[in-house]
Amino acid sequence: MAVQYRKMTEKDVDTFIELRIRQLREERRHGDEITGENIDLRPALIDYYNRHMADGTFVSWLAVDKDRIVGTSGMSFVEKPPYFGSPNGKIGLLSSMYTEEDYRRQGIAKELLTRVVNEAKDYGCGCVQITASDMGVLLYTDFGFVKNGNFMQYKF
């Protein structure tokens with residue numbers, strides 16, 4: 001098996017969305033999400049990825065075996081008021097880290113993570129943030145991510 005890595009293009013969006021939804025369902029089975037699986041996310045995801053790929057505020061690297069996408073990553077670039085950790089206010093929001101089950105434990109996720117983190121650095125982000133699933137914590141801590149105990153969320 002010779003996995004290749006490339007950036008996602010518009011032609012990959014439908015498959016990327018299928019894998020994103022599979023990832024969300026898998027995380028739900030592991031207790032990371034508690035509601036909403038019956039919502040059809042496809043229209044909103046298509047809109048999001050098409051808009052943000054077009055304006056350069058979303059990038060994804062894919063792992064591909066022959067013509068099959070076997071791993072995904074995503075980085076959204078956002079800007080908030082500057083602060084000491086990010087003097088220009090640019091931060092990367094990591095998402096969509098997913099590897100097909102039969103391709104796990106082969107370094108694919110680490111390679112994808114390296115590539116999207118480098119994208120954030122090149123974009124000028126002062127940091128990268130993620131809400132890690134239980135399954136992903138080890139990958140992120142091994143990479144150098146540090147848990148921030150101050151993260152809180154208010155849901156409507």
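**From S60 into strand β3 and across to helix α2**

In this predicted model, S60 is found in the loop that lies between β2 (58-59) and β3 (61-65). With a relative accessible area of 2%, S60 is buried, and its side chain reaches the backbone oxygen of S73 at 2.4 Å. Leaving aside residues up to four places away in sequence, S60 touches R6, K7, M8, F16, S73 and G74.

The strand that follows this loop, β3, has 5 of its 5 residues buried, so β3 is largely enclosed by the rest of the structure. In a regular strand the side chains alternate between the two faces of the sheet. In β3 both faces are covered, with W61, A63 and D65 buried on one side and L62 and V64 buried on the other. Strand β1 (residues 3-7) is joined to β3 by 5 bridges, the two running antiparallel, and here Y5 stands opposite A63. Strand β4 (residues 68-79) is likewise antiparallel to β3, to which 4 bridges join it, and in this pairing A63 stands opposite G71. The hairpin of β3 and β4 has 2 residues between the strands, and within this hairpin K66 takes a positive phi near 60°.

Helix α2 (residues 42-54) has 13 residues, which at 1.5 Å a residue should span 18 Å, and its end C-alpha atoms are 18 Å apart, in agreement with that expectation. The buried residues of α2 are L45, Y49, H52 and M53; because they cover an arc of only 100° around the axis, they lie on the same side of α2. On the other side of the helix, P43, A44 and A54 are exposed. Just after α2, G56 takes a positive phi of about 80°.

How values were computed:
Residues numbered from 1 in each chain as written. Predicted model: local features only at pLDDT ≥ 70, side-chain atom pairs only at ≥ 80, totals over all residues. Heavy atoms only, no water. Buried < 20%, exposed > 50% of the residue type's maximum accessible area, 1.4 Å probe, protein only. Polar contact = N/O pair within 3.5 Å; in protein donor to acceptor, adjacent residues only side chain to side chain. Contact = heavy atoms within 4.5 Å. Expected span 1.5 Å × (residues − 1). Arc of directions from axis to C-beta. Pairing = 2+ DSSP bridges.
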